[in-house]
Amino acid sequence: MSLLALEWDDAAADGHGALRLLDQTVLPDRTEHLDVRTVDALVDAIVSLAVRGAPALGVAGALGVVVAMDQAEREGWDAARLDAEVDRVRHARPTAVNLAWGVDQVRPLMDRGRDAVLAAARQVAADDEAANRELSRLGADWLLARVGRERLRVLTHCNAGVLATSAWGTALGVVRELHARGAVELVHVDETRPLLQGSRLTAYELVEEGIPHVVQVDSAAASTILRGLVDCAVVGADRIAANGDVANKVGTLGVALACREARIPLLVAAPWSTVDLSLPDGTGIEIEERPGEEVTELAGRRTAPVSSPGFNPAFDVTPARLVTAVTTERGVVEPAAGVGPGDLDRQS
Ligand code: MRU
């Protein structure tokens with residue numbers, strides 16, 4: 001697939017270079033790119049979800065340091081201003097740990113100059129792709145062994161594909177790996193209200209890949225699972241605590257509860273950069289609250305009474321006891337059985 005969520009383009013801006021983002025707010029209707037050259041533009045792009053998905057945010061954070069350094073050079077910022085602007089990128093969204101992680105990967109190199117930071121940021125992107133391919137291979141092996149069917153019916157929520165990463169995808173990477181092995185019967189795609197990452201982005205990727213799928217409303221997920229229409233659910237993650245509690249797009253918790261009731265596995269797929277071992281469990285994860293209008297309006301038109309405020313938590317936390325397995329590039333752990341990512345880290 002030739003889709004690419006983000007990259008550094010040296011040729012942009014008359015050869016000065018820019019962070020080139022595929023604008024995910026207008027997909028799948030239009031394919032438009034944003035050439036980002038200022039911290040304001042990058043923070044806007046992150047907040048509006050032009051670039052989104054935890055691993056892609058990690059790369060955006062790393063490349064964002066280059067954006068800030070280039071702007072500092074053009075506008076003559078002092079060191080304190082540059083530091084404050086890098087912090088604005090780091091904190092643009094709170095839940096996905098990858099954003100701060102990506103900034104922190106390259107920030108210590110700022111003394112060596114922007115080319116050293118750019119090289120390191122490009123390495124963050126390359127490492128993310130390698131991690132996604134490996135965790136997908138491990139996750140596919142685990143699922144096939146666990147489910148015991150040759151061709152799987154999979155439910156997924158939100159978008160955890162190419163568009164959410166530097167390349168390949170995480171949860172959708174597992175699906176792509178299964179498809180390459182001839183092991184996908186059908187994917188049930190939750191539309192993912194309110195911003196429709198499932199129907200706009202995941203379905204778009206599945207069409208590109210020729211993977212059979214249907215799009216369903218989020219509220220169909222529980223009955224799809226309990227009616228035995230799927231064999232497993234595979235989702236991504238925005239932050240995973242040491243015990244295996246998982247923050248992911250709001251609605252994931254309901255999927256997890258239904259999976260437990262139906263006794264089918266819930267596999268979480270994420271690179272190690274999404275694991276936050278500083279948190280023993282998910283109670284410390286900050287859940288982003290987005291504008292209520294995203295819920296009370298549809299395509300810019302008010303659907304709820306004007307006096308009804310919206311409530312819009314963008315993520316939820318699924319407790320480890322509902323997470324059958326987590327696949328990262330380091331291996332597969334089984335939080336519901338009491339083995340969280342913290343245990344994997346102690347083994348390595
Ligand atoms: O608000 P978003 O679109 O950034 O939320 C993204 C998700 O919740 C994804 O499922 C998660 O980041 C995993 S992406 C590989």
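Helices (H or I, at least four residues) and strands (E, at least two) are DSSP runs, numbered from the N terminus. The structure is a predicted model, in which local features need pLDDT of at least 70, side-chain atom pairs count only at pLDDT 80 or more, and totals for chains, interfaces and linings use all residues. Residues are numbered from 1 along each chain as its sequence is written, and side-chain values use heavy atoms, with hydrogens and water left out.

Helix α1 spans residues 12–15 and contains Asp 14. Phi of Asp 14 is positive, near 55°, in a residue other than glycine. Two cis peptide bonds were also examined. One runs from Leu 27 to Pro 28, with omega near 0°. Pro 28 sits in the loop between β2 (18–22) and β3 (33–36). Another runs from Arg 193 to Pro 194, with omega near 5°. The loop that holds Pro 194 lies between β5 (184–190) and α8 (197–209).

The ligand has 18 residues around it. A residue counts as near if one of its heavy atoms lies within 4 Å of the molecule. Arg 52, Arg 93, Asp 238, Asn 248 and Lys 249 come nearest. The shell divides into 8 nonpolar, 6 polar and 4 charged residues. Here Ala, Val, Leu, Ile, Met, Phe, Trp, Tyr, Cys and Pro count as nonpolar, Asp, Glu, Lys and Arg as charged, and the others, Gly among them, as polar. Helix α3 (54–75) and strand β9 (246–249) each supply at least two residues of this shell. Domain 1 (6–127) and domain 2 (134–347) each give at least three. These domain bounds come from an automatic or database domain assignment.

Polar contacts to the ligand were then considered (pairs of N or O atoms within 3.5 Å). An N or O atom in the side chain of Arg 52 is 2.5 Å from an oxygen atom of the ligand. For the side chain of Asp 238, the corresponding distance to a ligand oxygen is 2.7 Å. For that of Asn 248, it is 2.8 Å. Taken alone, the ligand exposes 410 Å², and the protein buries 100% of that. Accessible areas come from the Shrake-Rupley method with a 1.4 Å probe.

The space taken by the ligand is the largest cavity. A cavity is a set of points, on a 1 Å grid over the protein atoms alone, where a 1.4 Å probe fits but cannot get out. A molecule sits in one if more than half of its atoms lie within 2 Å of its grid points.

Definitions and conventions: Polar contact = N/O pair within 3.5 Å; in protein donor to acceptor, adjacent residues only side chain to side chain. 1 Å grid on protein atoms, 1.4 Å probe; cavity = no way out; pocket = protein on both sides within 12 Å on 5 of 7 lines; lining within 4 Å.
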